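Reader: Hello! I am new to this structure and would like a close look at one part of it, with its surroundings filled in along the way. Please take me through it step by step.

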Amino acid sequence: MTVRLIREASLEDIKREMSLMLHEGMADPSVKRLAEEAVTGKPDQISAVFEFVRGTFPYVPDPEAYELFVHPRVRAEAYFKGQIRGEDCDGQALLTAAMMGSLGYRTRVLIVDSGSGELDHALASVETNIG
């Protein structure tokens, strides 16, 4: 699946979609190529990927009452064609986590629910060996 638009998505729907896309994205060659481009010549890979995603894919909210999920592969392929589009927080988190995962880091997307029962925010989590 490359793009999924869910109306009034439950948190379980969101978790399921993001987990699938994250794991597929980490194994995708175009996502790995994008990650390698982002970190080339940079001493801190985590900061490099984060800054690359934030600086390249501007924040754009999803349509009202919908959750739009775009596979990291789609974003990577579009980037290499010069077709850069914005992402909301879950899209940026998904792409960041997939890129970091393709570089060998353990990653996940954290979903924040402030009690509404809906996705309120998402962010990428990257495990490091730093104590």
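Author: Let us start with helix 1, residues 11-26. At 1.5 Å a residue, its 16 residues should span 22 Å, and the end C-alpha atoms are indeed 22 Å apart, so the two values agree. Please keep in mind that this is a predicted model. Which residues of helix 1 are buried? They are Leu 11, Ile 14, Glu 17, Met 18, Met 21, Leu 22 and Gly 25. Looking down the axis of helix 1, you would find these buried residues within an arc of 130°, so they line one face of the helix. A general point about helices helps here: with 3.6 residues a turn, residues three or four places apart point the same way.

Now step back for a moment to see where this helix sits in the chain. The protein has 5 helices and 4 strands, and from the N terminus on they follow the order β-α-α-α-β-α-α-β-β. Of its 131 residues, 40% are buried. Among contacts with a separation of 6 or more, 68% are between residues 24 or more positions apart.

What do the helices share? In soluble globular proteins, nonpolar side chains tend to be buried together. Here the largest nonpolar core has 28 residues, and the members that touch the most others are Leu 34, Val 49, Phe 52, Val 53, Met 99 and Val 109. Two or more residues of this core come from each of helix 1, helix 2 (29-39), helix 3, helix 4 (72-80) and helix 5. Helix 5 gives the most, with 8 residues.

That makes helix 5 a good next stop. Helix 5 covers residues 89-102, and its 14 residues reach 20 Å from the first C-alpha to the last, close to the 20 Å expected. Is helix 5 mostly covered or mostly open? It is mostly covered, with 14 of its 14 residues buried. Just after helix 5 comes Gly 104, with a positive phi of about 105°. To see what helix 5 meets, look at Val 53: setting aside neighbours within four places in sequence, Val 53 is in contact with Gln 92, Leu 95, Thr 96 and Met 99.

From Val 53, move along to Thr 56, which lies in helix 3, residues 45-56. Thr 56 has a relative accessible area of 17%, so it is buried. A polar atom of the Thr 56 side chain lies 2.7 Å from the backbone oxygen of Phe 52. Beyond residues up to four places away in sequence, Thr 56 touches Tyr 79 and Ile 84.

Tyr 79 leads us into helix 4, where it is found. The relative accessibility of Tyr 79 is 18%, and because buried means under 20%, Tyr 79 counts as buried. Which residues does Tyr 79 contact, leaving aside those within four places in sequence? They are Leu 34, Glu 37, Phe 52, Thr 56, Phe 57 and Ile 84. Although Tyr 79 and Phe 57 are 22 residues apart along the chain, their C-alpha atoms are separated by 9.3 Å.

Several of these residues carry aromatic rings, and a pair of rings is described by the distance of the centres and the angle of the planes. The protein has 4 aromatic pairs. In one of them, the rings of Phe 52 and Phe 57 have centres 6.5 Å apart and planes at 70°, so this pair is edge-to-face. Both Phe 52 and Phe 57 are buried. Another edge-to-face pair joins Tyr 79 and Phe 80, at 5.2 Å centre to centre and with 80° between the planes. Phe 80 has a relative accessible area of 25%, so Phe 80 is partly exposed. Through ring pairs, Phe 52, Phe 57, Tyr 79 and Phe 80 are linked into a cluster.

One last stop lies on the loop between helix 3 and strand 2 (66-70), where you will find Pro 61. Is Pro 61 buried or exposed? With a relative accessible area of 53%, Pro 61 is exposed. Pro 61 and Gly 86 are 25 residues apart along the chain, and their C-alpha atoms are separated by 8.5 Å.

Terms used. Residues numbered from 1 in each chain as written. Heavy atoms only, no water. Expected span 1.5 Å × (residues − 1). Buried < 20%, exposed > 50% of the residue type's maximum accessible area, 1.4 Å probe, protein only. Polar contact = N/O pair within 3.5 Å; in protein donor to acceptor, adjacent residues only side chain to side chain. Contact = heavy atoms within 4.5 Å. Arc of directions from axis to C-beta. Core = buried A, V, L, I, M, F, W, Y, C linked by side-chain atoms within 4.5 Å. Phe/Tyr/Trp six-rings, centres within 6.5 Å; stacked < 30°, edge-to-face > 60°.
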